Amino acid sequence: MLEVVGLVKEYKRFRAVDDLSFTIGRGEIVGLLGPNGAGKTTCLRCICGILRPTFGRILINGHDVVTDQAAAKSGLAFVPELPSLYELLTVDEHLRFIAMCFGTIEVYDRMGEQLLERYSLLDKRNELVATLSKGMRQKLSIACALIHNANVLLFDEPLIGVDPAGAHEVKSEISRARDAGASVLISTHLLDTAERLCDRVIILARGVKVAEGTLADLRAMSNMEGAGLEEVFLRLTSEAKPPPIVAP
Ligand code: ATP
């Protein structure tokens, strides 16, 4: 379970995320949507402990990301937009290393082969990560996230650079994780995918949450009966106010 309570993140005097609160329960996929610069990546980086919140609390399975970091991170997997991988390990070594770091080598022994096959990386298992294409790197990054049994999964633009078969597999994998009880947060600009994959969405604009709910909720909120997510999104984000400037 993921709980974000009153999250504020300031870069010097600029408030990139302003008083953001939401909860993702077990077995839910939530889309984090917003125009460029809305604060999505900042929010994800705060949740996974890369950035320290200026104010607010983030709890992963009840553990505070700032004050109880090890316990919080043991249940968390983050797939960043640009995978950061160990270039001089082979694909197989990389997956095994991540499994060992999280004490889940038995999962690797049981599932490593299956994951490599699922992401079409079986024939690359003995190649160096440095030789992989962009899409293959993304698939390996996702396989690494899934091998350590996390139940809070964060994805930043997971489908960018992945081919159609890989994208289909990633979406199926995300749905499988949800069905197994994971709490999933996906930042994406692909509104069609969000509409099909997510149980509900959170829309950020200029650092502020402008809407949260199912498509039906958002339609009702914006008086747009029968509209698709794209139309509703454009309406809701066009009404957002300029970013707040913080007093020095
Ligand atoms: P995109 O969809 O373009 O990836 P985003 O919603 O992920 O955007 P963020 O990357 O979180 O947005 O950025 C939110 C705001 O914070 C932007 O105005 C950005 O310029 C600013 N910002 C992000 N990182 C920093 C930083 N390290 N220092 C100063 N400002 C930053």
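The following exercises, with worked solutions, examine a sheet, several salt bridges and a charged patch in a predicted model.

In this predicted model, local features need pLDDT of at least 70 and side-chain atom pairs count only at pLDDT 80 or more, while totals for chains, interfaces and linings use all residues. Residues are numbered from 1 along each chain as its sequence is written, and side-chain values use heavy atoms, with hydrogens and water left out.

**Exercise 1. The sheet**

Determine the order of the strands in the open sheet and state which strands stand at its edges.

*Solution.*

Step 1. Strands (E, at least two residues) and helices (H or I, at least four residues) are DSSP runs, numbered from the N terminus. Two strands pair if DSSP finds at least two bridges between them.

Step 2. The open sheet has four strands, in the order β2-β1-β4-β5, with antiparallel pairing.

Step 3. β2 (14-24) and β5 (63-64) each have a single partner strand and therefore stand at the edges, where one side of each lacks a neighbour in the sheet.

**Exercise 2. Pairing within the sheet**

Follow the bridges from β2 to β5 and identify residues that stand opposite each other.

*Solution.*

Step 1. Seven bridges join β1 and β2 in the antiparallel sense. In this pair, Leu-2 stands opposite Ile-24 of β2. The hairpin of β1 and β2 has two residues between the strands, and Lys-12 takes a positive phi near 50° there.

Step 2. β1 is also antiparallel to β4, through five bridges. Here Leu-2 faces Ile-60 of β4.

Step 3. β4 (residues 55-60) is joined to β5 by two bridges, again antiparallel. Ile-60 stands opposite His-63 in β5.

Step 4. Strand β1 (residues 2-11) is mostly covered, as seven of its ten residues are buried. Buried means under 20% relative accessible area, exposed over 50%, and partly exposed in between (1.4 Å probe, protein chains only).

**Exercise 3. Salt bridges**

State how many salt bridges the structure holds, and describe the partners of Arg-57, Asp-92 and Glu-212.

*Solution.*

Step 1. A salt bridge is a side-chain nitrogen of Lys or Arg within 4 Å of a carboxyl oxygen of Asp or Glu. The structure holds 13 of them.

Step 2. Arg-57 forms a salt bridge with Asp-64, with the closest N and O atoms 3.1 Å apart. Arg-57 is partly exposed at 45% relative accessible area, whereas Asp-64 is buried at 10%.

Step 3. Asp-92 meets Arg-125 in a salt bridge of 3.4 Å, N to O. The pair links distant parts of the chain, 33 residues apart: Asp-92 lies in helix α3 (residues 91-101), and Arg-125 in the loop between α4 (105-118) and α5 (134-146). Asp-92 is buried at 13% relative accessibility, and Arg-125 is buried at 19%.

Step 4. Glu-212 and Lys-209 form a salt bridge of 2.6 Å, N to O. Glu-212 is partly exposed at 24%, and Lys-209 is partly exposed at 30%. Salt bridges with shared partners join Glu-28, Arg-200, Lys-209 and Glu-212 into one network.

**Exercise 4. The negative patch**

Identify the residues that gather in a patch of negative charge on the surface.

*Solution.*

Step 1. Patches are made of residues with over 30% relative accessible area and no salt bridge; like charges are joined within 9 Å, and nonpolar side chains (Val, Leu, Ile, Met, Phe, Trp, Tyr) within 5 Å.

Step 2. The patch gathers Asp-192, Glu-195, Glu-230 and Glu-231. The elements that give two or more residues to this patch are α7 (191-197) and α9 (229-238).

Step 3. Glu-231 is found in helix α9 and is partly exposed, with a relative accessible area of 45%.

Key
Accessible areas come from the Shrake-Rupley method with a 1.4 Å probe; for residues, only the protein chains shown count as cover. Lys and Arg count as positive and Asp and Glu as negative; His and the chain ends are not counted. The place of a charge is taken as NZ of Lys, CZ of Arg, CG of Asp or CD of Glu.
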